[in-house]
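Welcome! Please take a moment with the sequence and the 3D view, and then read on for a short guided tour.

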Amino acid sequence: MPVTVAVVIGSLRKNSLNRQFAHALARSAHPTLDLRIVEIGDLPLYNQDLEAELPGPVRRFKDEIEAADAVLFVTPEFNRSFSAALKNAIEWGSRPWGRNSWAGKPGAIVGVTPGAVGTAAAQAQLRSVVGAVGVALTVHPEIYLSYRDGLIVDGEIADDKFRRLLNEWVAQFSAWIVRIKAPSA
Ligand SMILES: Cc1cc2nc3c(=O)[nH]c(=O)nc-3n(C[C@H](O)[C@H](O)[C@H](O)COP(=O)(O)O)c2cc1C
């Protein structure tokens with residue numbers, strides 16, 4: 001059985017670099033990991049009043065997160081943080097009280113920006129938030145990607161050095177997922 005990973009992308013725009021990167025990563029991770037994008041663009045803004053009867057997109061989102069073995073956050077950097085859309089999705093995943101879809105999931109964070117810091121600031125903030133909702137985050141290797149033209153060509157990572165780093169990341173993340181999910185003796 002392939003290990004399934006729910007991929008949550010923090011950018012909503014069609015030509016998002018993070019979405020392109022998520023697709024390229026899904027290709028290079030296959031078949032070790034089965035990366036499936038879980039859409040967040042249709043989630044309403046979190047409002048506790050809506051918890052009485054969860055909106056359809058929220059139920060769909062929570063079901064897809066819960067069905068996966070692990071979660072991967074692919075984050076842009078907006079104003080030295082991660083996006084409001086991603087925070088909104090994290091809120092919905094964590095609620096209602098007692099129905100936290102994130103709890104105990106092995107997880108990882110990657111991100112891409114044209115900026116020089118490669119989403120380091122966004123990832124640092126995201127790490128503390130997803131840790132607080134119970135995601136068991138892996139740390140190494142860290143992937144901070146400063147985008148430049150030619151890095152992703154025809155949906156594939158075109159840089160050999162970076163492709164090798166991603167292969168190492170896939171191996172480490174899949175080992176981490178097995179370790180976190182292994183039943184205790
Ligand atoms: C509102 C806003 C704030 C941004 N702030 C940052 C920032 O703090 N650091 C950075 O590296 N890039 C920043 N950027 C540039 C984004 O990283 C860039 O637009 C990136 O391509 C967004 O991700 P996407 O391509 O997946 O949509 C910002 C962009 C926007 C629209």
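The points below go through the ligand, the aromatic rings, the nonpolar core and a few special spots in the backbone. Keep in mind that this is a predicted model. A good place to begin is the ligand, which has 13 residues around it. After that we move to the largest nonpolar core, with its 31 residues.

**Around the ligand**

- Which residues come nearest to the ligand? They are Ser11, Arg13, Ser16, Asn18 and Asn79, out of the 13 residues that surround the ligand.
- Sorted by class, this shell holds six polar residues, four nonpolar ones and three charged ones.
- Leucine 17 takes part through its backbone: one of its polar backbone atoms is 2.8 Å from an oxygen atom of the ligand.
- Asparagine 79 also uses its backbone, with an N or O atom 2.8 Å from a nitrogen atom of the ligand.
- Threonine 113 uses its side chain instead, placing a polar atom 2.8 Å from an oxygen atom of the ligand.
- How much of the ligand does the protein bury? On its own the ligand exposes 630 Å², and the protein buries 70% of that.

**Aromatic rings**

- The model has five aromatic pairs.
- One of them joins phenylalanine 61 and tryptophan 102 in an edge-to-face arrangement, with 6.0 Å from centre to centre and 70° between the planes.
- Where in the chain do these two partners sit? Phenylalanine 61 belongs to helix α2 (residues 56–67), while tryptophan 102 is in the loop between α3 (84–94) and β4 (106–113). The pair links distant parts of the chain, as the two residues are 41 residues apart.
- Are the partners buried or exposed? Phenylalanine 61 counts as buried because its relative accessible area is 0%, under the 20% cut-off. Tryptophan 102 is buried too, at 1% relative accessibility.
- Ring pairs also bring in Phe73, so that Phe61, Phe73 and Trp102 form a cluster.

**The nonpolar core**

- In soluble globular proteins, nonpolar side chains tend to be buried together.
- In this model, the largest nonpolar core has 31 residues. Those with the most contacts inside this core are Phe21, Leu33, Leu72, Trp169 and Phe173.
- Both helices and strands contribute: β1 (3–9), α1 (17–29), β2 (33–37), β3 (70–75), β4, β6 (143–146) and α5 (160–181) each supply at least two residues.
- Which element gives the largest share of the core? That is α5, with seven residues.

**Special spots in the backbone**

- The peptide bond from histidine 30 to proline 31 is cis, with omega near 5°. Proline 31 sits in the loop between α1 and β2.
- Arginine 95 and proline 96 are joined by a cis peptide bond as well, with omega about -10°. You can find proline 96 in the loop between α3 and β4.
- Asparagine 79, which we met beside the ligand, has a positive phi near 50° without being a glycine. Asparagine 79 is in the loop between β3 and α3, and counts as exposed because its relative accessible area of 79% is over 50%.
- Threonine 119 is not a glycine either, yet its phi is positive at about 70°. This residue lies in the loop between β4 and α4 (120–132), and is buried, with a relative accessible area of 0%.

Notes:
Residues numbered from 1 in each chain as written. Predicted model: local features only at pLDDT ≥ 70, side-chain atom pairs only at ≥ 80, totals over all residues. Heavy atoms only, no water. Near = heavy atom within 4 Å. Polar contact = N/O pair within 3.5 Å; in protein donor to acceptor, adjacent residues only side chain to side chain. Areas by Shrake-Rupley, 256 points an atom, 1.4 Å probe, with all protein chains shown as cover. Nonpolar A, V, L, I, M, F, W, Y, C, P; charged D, E, K, R; others polar. Phe/Tyr/Trp six-rings, centres within 6.5 Å; stacked < 30°, edge-to-face > 60°. Helix = DSSP H or I, 4+ residues; strand = E, 2+ residues; numbered from the N terminus. Buried < 20%, exposed > 50% of the residue type's maximum accessible area, 1.4 Å probe, protein only. Core = buried A, V, L, I, M, F, W, Y, C linked by side-chain atoms within 4.5 Å.
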